[in-house]
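Here are some short exercises to work through with the structure open beside you. Try each task before you read its solution.

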Amino acid sequence: MDNQGDVWEVFIQSKPGLAHKHVGNIHAMGKEMALQNARDMYTRRQEGTCIWVVKMEDVTSSVPEEDGSFFEPANDKIYRQATHYVMPEGSKNI
Amino acid sequence: MSDLDKFLKKIENNVKIEPKDWMPDGYRKHLQGQMSQHAHSEVIGMQPEGNWISRAPSLRAKVILLAKIQDEAGHGQYLYSAAETLGKSRDEYINELQTRKAKYSSIFNYPTLTWADMGAVGWLVDGAAIVNQVSLQKTSYGPYSRAMVRICKEESFHQRQGYEIISHMALGTPEQKEMAQDALNRTWWPSIMMFGPHDADSARSGDAMKWGIKVESNDELRQRFIDKTVQQAELIGLTIPDPDLKWNEERGSYDFGEINWDEFWAVVNGDGPCNDQRIDHHIKAHEEGRWVREAANAYAQKNN
Ligand SMILES: [Fe+2]
Ligand SMILES: [Fe+2]
């Protein structure tokens, strides 16, 4: 029996205003311990201003082998890219 | 394109392999072995240094040593976490360590006899580890590579605090200098053995290079470490215990003497001065912590 607790994924915001970024995971029993362990493990040198922990089993991931079909709808919509549009010759700052 | 072709294409294009990607069985197995050995080394490596916490010569020295050892605990955790993404639990890895199926770096089977050893270990053992780990930042397995990047950010403090200790002693009283030289004499050869057997004798490293797990060979890394370190010893008046050590103008590198591989293999296979002590202590600490894990689990269950 695994007695090291659940695996929690750890997300850290490095500065106010920035997005939380995945940094790794830790083992812990319960939310509170997960936060404390994440702090001790990933922010020993002021690497963060805020931490999120999420139980690994609660994270759902797309499957890399199916990446092709999964992201397919984005492939044929190049008109979503700004570079798709031709600006009149001589136009500036656009 | 077959799974294997896709995999090899990624390696060729320096695209990292991620946990859910298809990978050859040999790749997974090799990583499980190498990463867990690396994790075990970080954790067992806390023991020779922990030996000196209560006897550190000043409060400053003590807080530094504590912080350094705490980092090593963190390194072990990063690496176990990364290794677990290969589908093997932390308990399995730890069990392999405790039943001696898994190895750890043989350097940690040597005792730390004097305070000067805290200098030699930080300077040379962490120094050698840095050379290896900087190279491994480019490894092909994503979680391993990210763990290496994180670890490398923390390592330079480790090496610098060690060099500070040994240089203070080397430049101190004659007795202190003698202790520093003695620590270097005992630590030098085991440190350069840390890079593993010569390339020609390293059975598994072919696959590891082909799959991008290792990007530089044992001998290349060892040479880089020696070339960096000689000047640091000279600067503080210490002598590297190798009569054959000589600058080779043509190669732009130092030539060095024959490594005692009999000693290396004896220590790897369990006959070093402290092998039993290291594993026994790990088991003891693990067992003594059992009630804490059980209580924490029970508490978490109750609060769910
Ligand atoms: Fe480390
Ligand atoms: Fe270190």
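**Exercise 1.** Decide whether B:E72 is buried or exposed in this predicted model.

*Solution.* Start with the relative accessible area of B:E72, which is 6%. Next, recall that buried means under 20%. B:E72 is therefore buried, as 6% falls under that cut-off.

**Exercise 2.** Find which residues coordinate the iron ion (ligand 1), and classify the site.

*Solution.* Look first for the donor atoms: they come from B:E42 (OE), B:E72 (OE), B:H75 (ND1) and B:E155 (OE), at 2.1 to 2.5 Å. Along the sequence, these donor residues follow the spacing E-x29-E-x2-H-x79-E. Two of them come from distant parts of the chain: B:E42 sits in helix α2 (residues 25-44) of chain B and B:E155 in helix α7 (residues 142-170) of chain B, 113 residues apart.

Now check the angles. Among the four donor atoms they run from 81 to 156°. Four donors count as tetrahedral only if all angles lie between 85 and 135 degrees, and the site is in fact irregular.

As a last step, look at burial: B:E42 has a relative accessible area of 7% and is buried, and B:E155, at 1%, is buried too.

**Exercise 3.** Work out which residues are the protein donors of the iron ion (ligand 2), and which residue bridges the iron ion (ligand 2) and the iron ion (ligand 1).

*Solution.* Begin with the donors. B:E72 (OE), B:D126 (OD), B:E155 (OE), B:E155 (OE) and B:H158 (ND1) lie 2.0 to 2.8 Å from the iron ion (ligand 2); B:E155 is listed twice. The bridge is B:E72, and the two iron ions lie 3.2 Å apart. Finally, place the pair in the fold: B:E72 lies in helix α4 (residues 59-84) of chain B and B:E155 in helix α7 of chain B, so they tie together parts that are 83 residues apart in sequence.

**Exercise 4.** Describe how chain B meets chain A: how many residues are in contact, and how many salt bridges are there?

*Solution.* Count the contacts: 24 residues of chain B touch 19 residues of chain A. Together the chains bury about 1,900 Å², with 44% of it on carbon and sulfur atoms. In chain B, the residues that lose the most area to chain A are B:K20, B:D91 and B:R150, together 25% of what that side buries.

Then turn to the polar side. There are four salt bridges between the chains. B:D71 forms a salt bridge with A:R44, their closest N and O atoms being 2.8 Å apart. The largest share of the side of chain B that touches chain A comes from α4(B), with seven residues.

Notes:
Residues are numbered from 1 along each chain as its sequence is written. Chains are lettered from A and ligands numbered from 1 in the order in which they are written. This is a predicted model: local features need pLDDT of at least 70, side-chain atom pairs count only at pLDDT 80 or more; totals for chains, interfaces and linings use all residues. Side-chain values use heavy atoms; hydrogens and water are left out. Four donors count as tetrahedral if all angles lie between 85 and 135 degrees; four count as square planar and six as octahedral if opposite donors are over 155 degrees apart and all others between 65 and 115; anything else is irregular. Helices (H or I, at least four residues) and strands (E, at least two) are DSSP runs, numbered from the N terminus. Buried means under 20% relative accessible area, exposed over 50%, partly exposed in between (1.4 Å probe, protein chains only). Contact means heavy atoms within 4.5 Å. Buried area is the accessible area (1.4 Å probe) that two parts lose on being put together, summed over both. A salt bridge is a side-chain nitrogen of Lys or Arg within 4 Å of a carboxyl oxygen of Asp or Glu.
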